[in-house]
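Got your viewer open? Here is a short tour, with something to select at each stop.

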Amino acid sequence: MCGRFTQLLTWAQLRRLMRLTSPPIELPLRYNIAPTQRVPVVRHEGGGRSLALLRWGLVPAWAKDLAIGSSMINARGETLAAKPAFRSAFKRRRCLVPASGFYEWDKVSGGKAKQPIYITASDEGPLVFGGVWESWASPDGDTVETFAIVTTAPNEMMSRFHDRMPLILDPDDHDAWLDPEREDASALVRPYPSELMLARPVSTRVNSPKNDDPSLIEPVEPRRAEGLFG
DNA sequence: CCAGACGTTGTT
DNA sequence: GTCTGG
DNA sequence: CCAGACGTTGTT
DNA sequence: GTCTGG
């Protein structure tokens, strides 16, 4: 489901979109963000919203090492309020993850090959994922802040590729998601409408997390895409 | 009481 | 840390 | 999510 | 096959 995404926003665009109050940081264009990497996310802080670099893959406070983070890149929206690993983060430490699009891998019938699909908003504008974050103290005494992206059941379009999709939040819901006082955040966990999303096949170059360049989101030749859509 | 798990995805 | 299983 | 590693001892 | 790293 959501194991790779893009962030193609300048600092100025992001600041306006998210109404940030924190000081500017350098924001590279990212075409292939992978788990364990540090990612800019938005948190509620001092009545405003700040951007911070957190490691993707939530490590619970009680974990002995970072490794568990690799399998906690997502958190099921239906259950995270009750799960020990996510419960406290969901209650008090929700975050917003700005994105431009994300990847899914469509199984090609008959083979083991998988076709990467790039999914964006239908207007190709920014998407905002709902996330939860946690702070972990390493044995060395270092503090590592980590996050997971919340998932929901898929909408009709996404169900073509997977049985899960990332939680995508409307701008109207951003404040409620970030507010630690809000007790009804679960009400915001719902699939985003198909009508507002767009999918297109892209190069398998995206498979390697080392590849991180503009060519990754160019549509593949129509010949290769044939049979995948329509 | 202590010990041990605590998570997701996809695949079979 | 906190919950479940034994 | 996919790619890539997957091990130890002793010696330099 | 399964785990870790990105």
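Before we start clicking, one term: a residue counts as buried when its relative accessible area is under 20%, as exposed when that area is over 50%, and as partly exposed in between. One more thing to keep in mind is that this is a predicted model.

**Stop one: Arg49**

Select Arg49, which sits in strand β4, residues 48-56. Is Arg49 buried or exposed? Its relative accessibility is 7%, and that is under the 20% cut-off, so Arg49 counts as buried. Now show the neighbours. Leaving aside residues up to four places away in sequence, Arg49 touches Met18, Arg19, Leu20, Thr21, Ser22, Val42, Arg43, His174, Asp175 and Leu178. Pick out Asp175 from that crowd: its side chain and that of Arg49 are joined by a polar contact of 2.8 Å. Add Arg19 to the selection as well, and you have a network of salt bridges linking Arg19, Arg49 and Asp175.

**Stop two: more salt bridges**

How many salt bridges are there to find? The count comes to eleven. Let's visit a few of them.

Go to Glu134 and Arg93, whose side chains meet in a salt bridge with an N to O distance of 2.9 Å. This pair ties together distant parts of the chain: Glu134 belongs to strand β9 (residues 127-137), while Arg93 is in the loop between α2 (87-92) and β6 (94-99), 41 residues apart. Both Glu134 and Arg93 are buried.

Next, select Glu124 and Arg200, which form a salt bridge with their closest N and O atoms 3.7 Å apart. Here again distant parts of the chain are linked, with Glu124 in the loop between β8 (114-121) and β9, and Arg200 in strand β12 (residues 197-201), 76 residues apart. Arg200 has a relative accessible area of 18%, so it falls under the 20% limit and is buried.

For another pair, try Glu78 and Arg76, where the side chains meet in a salt bridge at 4.0 Å, N to O. Glu78 is partly exposed because its relative accessibility of 47% lies between the two limits. Arg76 is partly exposed too, at 43%.

**Stop three: the largest pocket**

Switch on a surface and select Ala121, Pro126, Leu127, Pro171 and Tyr192. Of the 14 residues that line the largest pocket, these lie nearest its centre. The space in this pocket is about 180 Å³. Colour the lining by class and you should get ten nonpolar residues, two polar ones and two charged ones.

**Stop four: a cavity**

Only one cavity of 30 Å³ or more turns up in the count. Which residues line the largest cavity? Select Gln7, Leu9, Leu14, Leu27, Pro28 and Pro40 to see them. The volume of the largest cavity is about 40 Å³. Its lining is made of five nonpolar residues and one polar residue, with no charged ones.

**Last stop: Pro154**

Finish at Pro154, in the loop between β10 (143-152) and β11 (165-166). At 23% relative accessibility, Pro154 is over the 20% limit for buried residues, so it counts as partly exposed. Not counting residues up to four places away in sequence, Pro154 touches Ser159, His162, Asp163, Arg164, Met165 and Pro191. For a last look back, draw a line from Pro154 to Glu134: the two are 20 residues apart in sequence and 26 Å apart in space, C-alpha to C-alpha.

Technical notes: Residues are numbered from 1 along each chain as its sequence is written. Chains are lettered from A and ligands numbered from 1 in the order in which they are written. This is a predicted model: local features need pLDDT of at least 70, side-chain atom pairs count only at pLDDT 80 or more; totals for chains, interfaces and linings use all residues. Side-chain values use heavy atoms; hydrogens and water are left out. On a 1 Å grid over the protein atoms alone, a cavity is a set of points where a 1.4 Å probe fits but cannot get out, and a pocket is an open set with protein on both sides within 12 Å along at least five of seven lines; lining residues have an atom within 4 Å of a point. Grid points are joined across faces, edges and corners, and a volume is the space filled by probe spheres set on the points. Ala, Val, Leu, Ile, Met, Phe, Trp, Tyr, Cys and Pro count as nonpolar, Asp, Glu, Lys and Arg as charged, and the others, Gly among them, as polar. Buried means under 20% relative accessible area, exposed over 50%, partly exposed in between (1.4 Å probe, protein chains only). Helices (H or I, at least four residues) and strands (E, at least two) are DSSP runs, numbered from the N terminus. A polar contact is a pair of N or O atoms within 3.5 Å; within protein, one must be able to donate a hydrogen and the other to accept it, and residues adjacent in sequence count only if both atoms are side-chain atoms. Contact means heavy atoms within 4.5 Å.
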